[in-house]
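The exercises below are meant to be worked through with the sequence and the structure side by side. Try each task before reading its solution.

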Amino acid sequence: MKIKLSWLLLLTLFFSFQCKRIQSFFEEEKIPSISNPKTIKQDLFELKYPSNWEYQEDKENKVNLDFRSYLIESTGNSYVQIFVYGKEIDNKSCAEEFKSEFEEDLIESEKVEVRDSWGKQKGYGLKLTGKILFLTPGSINIFCFAQGDKTFSVIEFYYESDFERIKPGLFLIQSSFKLF
């Protein structure tokens, strides 16, 4: 599991720091366009997201059915990433593993809050609040839950200065998320 989470962290960092990401670091987050949202409908879930945000599905999803990754990027530096594992993993150990990886490389946690829900889903989550890349205040929300023989992990990443602006987009994703 540790090797797979290291790979996930690298994947997240890769998606997060593409050229567009670096460029957007210097731009202000735009207000999420939630009045006419876009929809992602997969065989496992469906959700809506702001029409001015971008969706990327990992190309490996078509070949590797035991692990899938979905990324929704805001207009700035925030994102929501959903991972689906082809086996059931304990929710708490799943979230704690992500926490360890993120604290090692991405965030210096000053505060950790435990969560038991994300939207309508029940499970185990952690909100890490501190310095992103040890410089800028931000948060990483980690939430894990199981459905049948699948485990879902949801990561929300944002800088604190952007939170009020992107909050409607995060709420849209959380509230519209449905499992099949």
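**Exercise 1.** In β10, which residue is the bridge partner of E46?

*Solution.* The model is a predicted one, and the strand that pairs with β10 is the place to begin. Strand β2, residues 45-49, pairs with β10 in the antiparallel sense over 2 bridges, and the partner of E46 in β10 is K178. The next step is to place this pair in its sheet, which is open and has 3 strands in the order β1-β2-β10, with antiparallel pairing. Because β1 (38-41) and β10 (178-179) stand at the edges with a single partner strand each, one side of each is left without a neighbour in the sheet.

**Exercise 2.** Work out how β9 is paired, and decide whether it is largely enclosed or not.

*Solution.* Begin with β5, which pairs with β9 in the antiparallel sense over 7 bridges; within that pairing, Y85 has T151 of β9 as its bridge partner. Then turn to β8, which runs antiparallel to β9 and is joined to it by 10 bridges, with G138 bridged to Y159 of β9. β8 and β9 form a hairpin with 2 residues between them, and G148 in the turn has a positive phi of about 65°. Finally, consider burial, for which the cut-off is under 20% relative accessible area: 9 of the 10 residues of β9 are buried, so this strand is largely enclosed by the rest of the structure.

**Exercise 3.** Identify the residues of the largest nonpolar core that touch the most other members, and find the elements that contribute to this core.

*Solution.* The largest nonpolar core holds 22 residues, and F98, F102, I140, I142, I155 and F157 are those that touch the most other members. Two or more residues each come from β4 (67-73), β5 (79-85), α3 (91-105), β7 (121-132), β8 (136-147) and β9 (150-159). To complete the picture, a second, separate core has 21 residues, including L44, Y70, I72 and W118.

**Exercise 4.** Which element gives the most residues to the lining of the largest pocket?

*Solution.* First take the pocket as a whole: about 240 Å³ of space lies in it, and 17 residues line it, of which R115, W118, N141, E156 and Q174 lie nearest its centre. The elements that give two or more residues to this lining are β6 (107-118), β7, β8, β9 and α4 (163-176), and α4 gives the most, with 5 residues. Sorted by class, the lining has 9 nonpolar, 4 polar and 4 charged residues.

Notes:
Residues are numbered from 1 along each chain as its sequence is written. This is a predicted model: local features need pLDDT of at least 70, side-chain atom pairs count only at pLDDT 80 or more; totals for chains, interfaces and linings use all residues. Side-chain values use heavy atoms; hydrogens and water are left out. A nonpolar core is a set of buried Ala, Val, Leu, Ile, Met, Phe, Trp, Tyr and Cys residues joined through side-chain atoms within 4.5 Å. Buried means under 20% relative accessible area, exposed over 50%, partly exposed in between (1.4 Å probe, protein chains only). Helices (H or I, at least four residues) and strands (E, at least two) are DSSP runs, numbered from the N terminus. Two strands pair if DSSP finds at least two bridges between them. On a 1 Å grid over the protein atoms alone, a cavity is a set of points where a 1.4 Å probe fits but cannot get out, and a pocket is an open set with protein on both sides within 12 Å along at least five of seven lines; lining residues have an atom within 4 Å of a point. Grid points are joined across faces, edges and corners, and a volume is the space filled by probe spheres set on the points. Ala, Val, Leu, Ile, Met, Phe, Trp, Tyr, Cys and Pro count as nonpolar, Asp, Glu, Lys and Arg as charged, and the others, Gly among them, as polar.
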